[in-house]
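Reader: I've got a fold open on my screen and I'd like to talk through how it holds together. Can you take a look with me?

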Amino acid sequence: MTYAVQLIGGRWKMLIMTGLEKKPLRYGELKKNLEQISERMLTLQLRELEDDGIVKRTVFAEVPVRVEYELTDIGKELVPICLQLSDWGTRHRELNAPIR
């Protein structure tokens, strides 16, 4: 469990992964979907997810350069788990004190 939490822990990683669930997205599209994340944090989280083999970054040789992010097979396996956590959180949010 510790290994898994280290990979997907934090405020943004699961949101990034679920955002990439349906199709590859460019950086700007991800940023638009996650309005509250700073550019620096999005970049850091994407790099960590890429380093951990959860997200794949593809650079297209075009002018201007186009970069897309997509889930790897391992990342795709994690999406249902992230969605289950989201559902659980939604159901139990009202039962607990607010999380800071």
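What follows is a run of questions and answers on this predicted model.

Reader: Let's start inside. Which residues touch the most other members of the largest nonpolar core?

Author: Some background helps: in soluble globular proteins, nonpolar side chains tend to be buried together. Here the largest nonpolar core has 21 residues. Helix 1 (2–8), helix 2 (13–19), helix 4 (39–51), strand 3 (66–71) and helix 5 (73–92) each give two or more residues to this core. The members that touch the most others are Ile16, Met17, Leu20, Leu30 and Ile54.

Reader: Take Leu20, then. Leaving out residues up to four places away in sequence, what does Leu20 touch?

Author: Leu20 is one of the core members with the most contacts to other members. With residues up to four places away set aside, its list includes Tyr69, and Tyr69 is the bridge partner of Leu25 in strand 3. Leu25 is on the list as well. In full, Leu20 touches Leu25, Leu30, Val55, Tyr69, Glu70 and Leu71.

Reader: Now helix 4. Which of its residues are buried, and why do they line one face?

Author: Start with the length: helix 4 has 13 residues and spans 18 Å from first C-alpha to last, close to the 18 Å expected at 1.5 Å a residue. An α-helix has 3.6 residues a turn, so residues three or four places apart point the same way. Looking down the axis of helix 4, the buried residues fall within an arc of 100°, so they line one face. Those buried residues are Leu42, Gln45, Leu46 and Leu49.

Reader: And which residues are exposed on the other side of helix 4?

Author: The buried residues of helix 4 are covered by parts that include helix 1, helix 2, helix 3 (27–33), strand 2 (55–60) and strand 3. On the other side of helix 4, the exposed residues are Arg40, Arg47 and Asp51.

Reader: I noticed a glutamine in that buried set. What does Gln45 touch, not counting residues up to four places away in sequence?

Author: Gln45 sits in helix 4. Its relative accessibility is 9%, and the cut-off for buried is under 20%, so Gln45 counts as buried. Setting aside residues up to four places away, Gln45 touches Trp12, Lys13 and Ile16.

Reader: Lys13 caught my eye there. Which side chain does Lys13 meet in a salt bridge, and how far apart are N and O?

Author: In general, side chains of opposite charge can pair when their charged atoms come close. Lys13 is in helix 2 and its partner in helix 4, so the pair ties together parts that are 35 residues apart in sequence. Lys13 counts as buried at 3% relative accessibility, whereas the partner is partly exposed at 35%. That partner is Glu48, with N and O 2.7 Å apart.

Reader: There are three salt bridges in the structure. Which residues do shared partners join into one network?

Author: Arg66 forms a salt bridge with Glu62, their closest N and O atoms being 3.0 Å apart. Arg66 also forms one with Glu68, where the closest N and O atoms are 2.9 Å apart. Glu68 and Arg66 are buried, while Glu62 is partly exposed at 36% relative accessible area. Through the shared partner, the network holds Glu62, Arg66 and Glu68.

Reader: On to the strands. How many bridges join strand 2 to strand 3?

Author: Strand 3 is mostly covered, with five of its six residues buried. Strand 1 (residues 25–26) runs antiparallel to strand 3 and is joined to it by two bridges. Strand 2 connects to strand 3 in a hairpin through five residues, and Val59 stands opposite Val67 in strand 3. Strand 2 and strand 3 also run antiparallel, and the number of bridges joining them is six.

Reader: One last spot: Glu50. How far is its C-alpha from that of Thr72?

Author: Glu50 is in helix 4 and is partly exposed, with a relative accessible area of 31%. Not counting residues up to four places away, Glu50 touches Val55 and Arg57. Glu50 and Thr72 are 22 residues apart along the chain, and their C-alpha atoms are separated by 9.1 Å.

Terms used: Residues are numbered from 1 along each chain as its sequence is written. This is a predicted model: local features need pLDDT of at least 70, side-chain atom pairs count only at pLDDT 80 or more; totals for chains, interfaces and linings use all residues. Side-chain values use heavy atoms; hydrogens and water are left out. A nonpolar core is a set of buried Ala, Val, Leu, Ile, Met, Phe, Trp, Tyr and Cys residues joined through side-chain atoms within 4.5 Å. Buried means under 20% relative accessible area, exposed over 50%, partly exposed in between (1.4 Å probe, protein chains only). Helices (H or I, at least four residues) and strands (E, at least two) are DSSP runs, numbered from the N terminus. Contact means heavy atoms within 4.5 Å. A salt bridge is a side-chain nitrogen of Lys or Arg within 4 Å of a carboxyl oxygen of Asp or Glu. The expected span of a helix is 1.5 Å times one less than its number of residues. The arc is that of the directions from the helix axis to the C-beta atoms. Two strands pair if DSSP finds at least two bridges between them.
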